[in-house]
Amino acid sequence: MIELEAALAANLADAHPDVQRVLIDTLSVMAQACARIGEIASQGMLAQAHGWAGTHNSQGEQQKRLDLLADDCMRDALTACPHVAGWASEELENAQASPHHGQTGPLLVVYDPLDGSSNIEANISIGTIFSILPHRYRGANPGDADFMQPGHQQVAAGYVLYGPATLMVLTCRRGVLVFTLDKRAGMESARWVLTQDQVSIPIATREFAINASNQRFWEKPIQRYIAECVAGENGPRMKDFNMRWVASMVAEVHRIMTRGGVFLYPRDTREPIKPGRLRLMYEAAPMALLVQEAGGRAVNGTSELLDLIPDVLHQKVPVILGSKDEIDRIVNYHADPHENVSWQLFKTRSLFVQPQA
Ligand code: F6P
Ligand code: MN
């Protein structure tokens, strides 16, 4: 069995030894923090991990107890890591400089400590998402502006899925590795072991994931794409599609990593000033790097997610990612100035009929 550090050393064999050391140490520290989050999550009500905390984050969202417990685990781990100059979290309004390593650490970390928190009490899979960026201006504590880097600058990204098994899926820009938390000898001696080397997302798929309750708010290219999938064998795609929606992005992306598929949280007209629901820096960008490293594609409809430069820390973006052939098709629908769909064709499907103006 190959453990995390050995697997990362092999994966990073072509990197400068200093880069190797810094990344392996940092990822190990974060992996330990996530093992701890998984342990708390698995204890559920026994660890007082269910329910609302009675507080709100800076984006006005109510926080769950587990959001805060997970954030504490990550923050404690990053504070102790000499390579990390600062971090930004979904649960913090502003980026925070490391109290001890703010001026010296070569890395910045951005994270969503607990993704899919609406699923906590239902005991459905949840996760943690993280992105590691270079800290370019050393000698000064990092502030929000230092984090505003496009996703293609990430040196590593990953997620941990707290499901029936606890999995960590990582990229250091040399493909995608999957680790499983081996707790068979007890939690005290739990270790991450490599269980899949080089994930590859099939380029074609017949499965999509979208919150269909928002259908009336979608823009035309998305209406067209989904209507064509739902029309199945009798529609223009001439094949049947399957649909899934877990409401935990980590679980949706992991399903795509294992068997292909498309995940869409598109821009919609509910709140025009908020382009989408998911956050660029700690949801969209790290997932985009992972998906791209596995041979898939990740866009906002017209541009690659990895090319977007954030304006603010908690910026929201439309997210469309997964099997490459389908994402190419969706980008083409967005680019087509005459995009239209013969809604008459699909009128019989009640969920997906064209919204009345
Ligand atoms: O973090 C945001 C998130 O919980 C994602 O994990 C998930 O994909 C999405 O929101 C679920 O959104 P909705 O509540 O609209 O189904
Ligand atoms: Mn999230």
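**Stop 1: Asp 115 and the manganese ion**

Select Asp 115 in this predicted model. Its relative accessible area is 5%, and because buried means under 20%, Asp 115 counts as buried. Next, select Asp 112, which is buried as well, with a relative accessible area of 0%.

Now display the manganese ion (ligand 2) together with its protein donors. These are Asp 112 (OD), Asp 115 (OD) and Glu 283 (OE), and they lie 2.0 to 2.2 Å from the ion. Along the sequence, the spacing of the donor residues reads D-x2-D-x167-E.

**Stop 2: the largest pocket**

Turn to the largest pocket, whose volume is about 500 Å³. Of the 26 residues that line it, the closest to its centre are Gly 116, Ser 117, Ser 118, Ala 247 and Arg 277. The elements giving two or more residues to this lining are S2, strand S5 (107-115), H6, strand S13 (262-265) and strand S14 (278-279). The largest share, 3 residues, comes from S5.

Colour the lining by residue class. The lining of the largest pocket holds 11 charged, 8 nonpolar and 7 polar residues. Where does the largest pocket lie with respect to domain 1 (4-196) and domain 2 (207-346)? Colour the two domains separately: both contribute residues to the lining, so the pocket lies between them.

**Stop 3: Ala 247 and helix H6**

Select Ala 247, one of the residues closest to the centre of the largest pocket. Ala 247 sits in the loop between strand S12 (242-243) and H6. Its phi is near 70°, a positive value in a residue other than glycine. With a relative accessible area of 33%, Ala 247 is partly exposed.

Continue along the chain into helix H6 (residues 249-259). Is this helix largely enclosed or largely open? Of its 11 residues, 9 are buried, so helix H6 is largely enclosed by the rest of the structure. The buried residues are Met 249, Val 250, Ala 251, Glu 252, Val 253, His 254, Arg 255, Ile 256 and Met 257. Just after H6, select Gly 260, which takes a positive phi of about 85°.

**Stop 4: the hairpin of S1 and S2**

Strand S2 was listed among the contributors to the pocket lining. Select it now with its partner: strand S1 (residues 52-56) and strand S2 (residues 62-64) pair in the antiparallel sense over 2 bridges. To see one contact, display Trp 52, whose bridge partner in S2 is Lys 64. S1 and S2 form a hairpin with 5 residues between them. In the turn, Gly 60 has a positive phi of about 85°.

**Stop 5: the sheet of 8 strands**

Display the open sheet of 8 strands, which has mixed pairing and the order S4-S3-S5-S6-S7-S8-S9-S10. Its edge strands are strand S4 (96-97) and strand S10 (191-197), each of which pairs on one side only.

Within the sheet, select strand S6 (residues 126-134), where Ile 129 is placed. Ile 129 is buried, with a relative accessible area of 0%. A distance may be drawn from Ile 129 to Val 262: the two are 133 residues apart in sequence and 19 Å apart in space, C-alpha to C-alpha.

Strand S7 (residues 156-162) runs antiparallel to S6, and 7 bridges join the two. Ser 131, for example, has Ala 157 in S7 as its bridge partner.

Farther along the chain, select Arg 173 in the loop between strand S8 (166-171) and strand S9 (176-182). Phi of Arg 173 is near 65°, a positive value in a residue other than glycine. At 34% relative accessibility, Arg 173 is partly exposed.

**Stop 6: the largest cavity**

Return to Ser 131, which is among the residues lining the largest cavity. This cavity has a volume of about 60 Å³. Its lining also includes Leu 133, Gln 149, Leu 280, Met 281 and Ala 285. The elements giving two or more residues to the lining are S6 and helix H7 (280-293). H7 gives the most, with 3 residues.

Which classes of residue make up the lining of the largest cavity? There are 7 nonpolar and 4 polar residues, and no charged residues. Finally, colour the domains once more: domain 1 (4-196) and domain 2 (207-346) both give residues to the lining of the largest cavity, so the cavity lies between them.

Note on methods. Residues are numbered from 1 along each chain as its sequence is written. Chains are lettered from A and ligands numbered from 1 in the order in which they are written. This is a predicted model: local features need pLDDT of at least 70, side-chain atom pairs count only at pLDDT 80 or more; totals for chains, interfaces and linings use all residues. Side-chain values use heavy atoms; hydrogens and water are left out. Donors are N, O and S atoms within 2.8 Å of the metal (3.2 Å for Na, K and Ca); water is not among the atoms, so sites may look incomplete. Buried means under 20% relative accessible area, exposed over 50%, partly exposed in between (1.4 Å probe, protein chains only). Helices (H or I, at least four residues) and strands (E, at least two) are DSSP runs, numbered from the N terminus. Two strands pair if DSSP finds at least two bridges between them. On a 1 Å grid over the protein atoms alone, a cavity is a set of points where a 1.4 Å probe fits but cannot get out, and a pocket is an open set with protein on both sides within 12 Å along at least five of seven lines; lining residues have an atom within 4 Å of a point. Grid points are joined across faces, edges and corners, and a volume is the space filled by probe spheres set on the points. Ala, Val, Leu, Ile, Met, Phe, Trp, Tyr, Cys and Pro count as nonpolar, Asp, Glu, Lys and Arg as charged, and the others, Gly among them, as polar. Domain bounds come from an automatic or database domain assignment.
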